[in-house]
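Here is a report on one protein model, written for someone new to reading structures. Keep the sequence and the 3D view open as you go.

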Amino acid sequence: MYLTRKHVSRRTVLRGMGATVALPFLEAMVPARTVLANTAAAGKTRLACIETVHGAAGSTVIGLQKNLWSPAEAGRTFDLSPSSMSPLEPFRDYLTIVSNTDVRNADAFESKEVGGDHFRSSAVFLTQAHPKQTEGSDIKVGTSLDQIYAQRFGQDTPIPSMQLCIENVDQAGGCAYGYACVYTDTISWASPTEPLPMVRDPRAAFDQLFGVGSTPAQRAANRRTDRSILDWVTGEVARITKTLGPDDRRRLDQYLTDIREIERRIQRVESYNASGEPRDLPGAPMGVPDSFSEHVKLMYDLQAIAFAADITRVFSFKLGRDGSARVYPESGAALPFHPASHHGENEARVLQFAQINKYHVSLVPYFLEKLKNIQEGDANLLEKTLVVYGSPMGNSNTHNHKRCPLFFAGHANGMLKGNLHVKAPDGTPMANAMLSVMHGLGVTDMASFGDSTGTLDLNAVPTTVV
């Protein structure tokens, strides 16, 4: 370690005209040989909550028989090979699967709510609360898990939280079955009546992360010059590099290289979309790639780089929209997403839907690998991150909310041990697992969450009965 009394603040930023670039964790940020050294290097837990809609093929009768989602065996020796989660095998030491939990608050409570599952489910995922049926402005559901954490532990970062999405989520007014579109549009709620907008365009997210403190006009002017934001902070980079040791210089150089590569990829997408060539997504913003995997990976890259620089510790990420007719050619499934989810319990079609589930999960290791390759003090960021991935729906063919998909990835600063499949007792609310997570993240004064009936031990290995 490069020992120096020239302590660099964790909140040091490189400023230029219309650009603000936060720094990653550097050894120079640790006050060498002082009582603050361990504290400075510790790093608070990052939280990334990812929603996939329409449940999973593994929640069907056929899927349960074939273990298309949940492994057959609980404990540490589970087999992922039949499952749509099989792409996570390289990260099983960081993986905690929670199966057999229900999201009852996404069910219809009254006859007038029947049929509205697609239009209320997303609002339930991170709130575990039942949305008020309304097409007006009197919306109400609950405060979401990500926002509870952000309000408690994200106020000392430049951006307390960010909300990202892949599909169009800017519909206004009422959607269907008496529900306001906002229930479908977002998974993040700052309060029961305050939904937070989600950002679809990687360019908009990039500008938000690296243009903090500048105006929209300045950011637009920067883009028109066709220069990198790093060009605006060259002098600042040179100045701070002189004060760093060799390891920190390499770390800073890699971080800036990653930023530039993300920026180049966004610029390539914008250039193609402005070329007049036909688009698969003609109505999408200029910075949105037509390719689902390219779009998702860009969003994962932005989350990883933001976590590295502690710009924010909280992301929510909505992978799709209920009722979506998007086709995923890379999955090998020919049917559009929503029709594929209504498989009629036909085995061939259930298996095709499982292919789509697997394709979505297959992009998560890209994110996990990014986090694992980022060092912060004495551990990598995957050790210090909690990734929540799940759906508020179970069997999409019948719109039920039983046996809903849910897994956690990352060790969350020791909160989770990983390499574990926790099978909950029948009838267990998903809210129990989320309440346990909130306690583990430090919100220890929360007595209940949504329809929770207690907590769920996310590190308990089931005992073998002889």
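## A buried threonine

Thr45 is buried, with a relative accessible area of 10%. Here buried means under 20% relative accessible area, exposed means over 50%, and partly exposed lies in between (1.4 Å probe, protein chains only). This is a predicted model: local features need pLDDT of at least 70, side-chain atom pairs count only at pLDDT 80 or more, and totals for chains, interfaces and linings use all residues. Residues are numbered from 1 along each chain as its sequence is written, and side-chain values use heavy atoms, with hydrogens and water left out.

Where does Thr45 lie? It sits in the loop between α1 (37-42) and β3 (46-51). Helices (H or I, at least four residues) and strands (E, at least two) are DSSP runs, numbered from the N terminus.

The side chain of Thr45 makes a polar contact of 2.9 Å with the side chain of Asn413. A polar contact is a pair of N or O atoms within 3.5 Å; within protein, one must be able to donate a hydrogen and the other to accept it, and residues adjacent in sequence count only if both atoms are side-chain atoms. Leaving out residues up to four places away in sequence, Thr45 touches several others, among them Tyr149, Arg313, Thr385 and Leu441. Contact means heavy atoms within 4.5 Å.

## Strand β13 and its partners

Six of the six residues of β13 are buried, so this strand is largely enclosed by the rest of the structure. Thr385, Val387 and Tyr389 point one way from β13. Leu386, Val388 and Gly390 point the other way.

Which strands pair with β13? β3 does so in the parallel sense, over six bridges. β14 does so in the antiparallel sense, over four bridges. Two strands pair if DSSP finds at least two bridges between them. For β3, the bridge partner of Cys49 in β13 is Val388. On the β14 side, Tyr389 stands opposite Phe407.

Asn400 lies in the loop between β13 and β14. Asn400 is buried, with a relative accessible area of 18%. Its side chain reaches the backbone nitrogen of Lys402 at 3.4 Å. Asn400 also touches Met393, Gly394 and Asn395, not counting residues up to four places away in sequence.

## Three helices

Helix α14 (residues 430-440) is mostly covered, with nine of its 11 residues buried. Among the buried ones are Met430, Asn432, Leu435 and Met438. The buried residues of α14 pack against several elements, including β13 (385-390), β14 (406-409) and β15 (420-429). Just after α14, Gly442 takes a positive phi of about 110 degrees.

Now take a helix pair. Two packed helices are described by the angle between their axes and the distance between the axes. Helix α6 (residues 202-210) and helix α10 (residues 292-308) pack at about 5 degrees, with their axes 10 Å apart. Axes are lines fitted to C-alpha atoms, for helices over the stretch in contact, and angles run from 0 to 180 degrees between N-to-C directions. The two helices, α6 and α10, are therefore roughly parallel to each other (angles under 35 degrees count as such). Phe206 and Leu209 are among the α6 residues at this meeting, and Leu298 and Leu302 are among those from α10.

Ala308 is found in α10. Ala308 is buried, with a relative accessible area of 7%. Leaving aside neighbours within four places in sequence, its contacts include Arg10, Phe25 and Leu381. Ala308 and Thr428 are 120 residues apart in sequence and 36 Å apart in space, C-alpha to C-alpha.

## The cysteines

How many disulfides does a search of the whole structure find? It finds one. A disulfide is a pair of cysteine sulfur atoms within 2.5 Å. This one joins Cys175 to Cys181, S to S 2.0 Å. The link of Cys175 and Cys181 is right-handed, with 115 degrees about the S-S bond.

Why is Cys165 not bonded to Cys175? The closest cysteine sulfur to that of Cys165 is in Cys175, 14 Å away, which is too far for a bond. Cys404 is in no disulfide either, and the nearest cysteine sulfur, that of Cys49, is 16 Å away.

Here is how covered four cysteines are.

| Cysteine | Relative accessible area | Class |
|---|---|---|
| Cys175 | 26% | partly exposed |
| Cys181 | 1% | buried |
| Cys165 | 0% | buried |
| Cys404 | 2% | buried |

Conventions: Angles under 35 degrees count as roughly parallel, over 145 as roughly antiparallel, 65 to 115 as roughly perpendicular and the rest as oblique.
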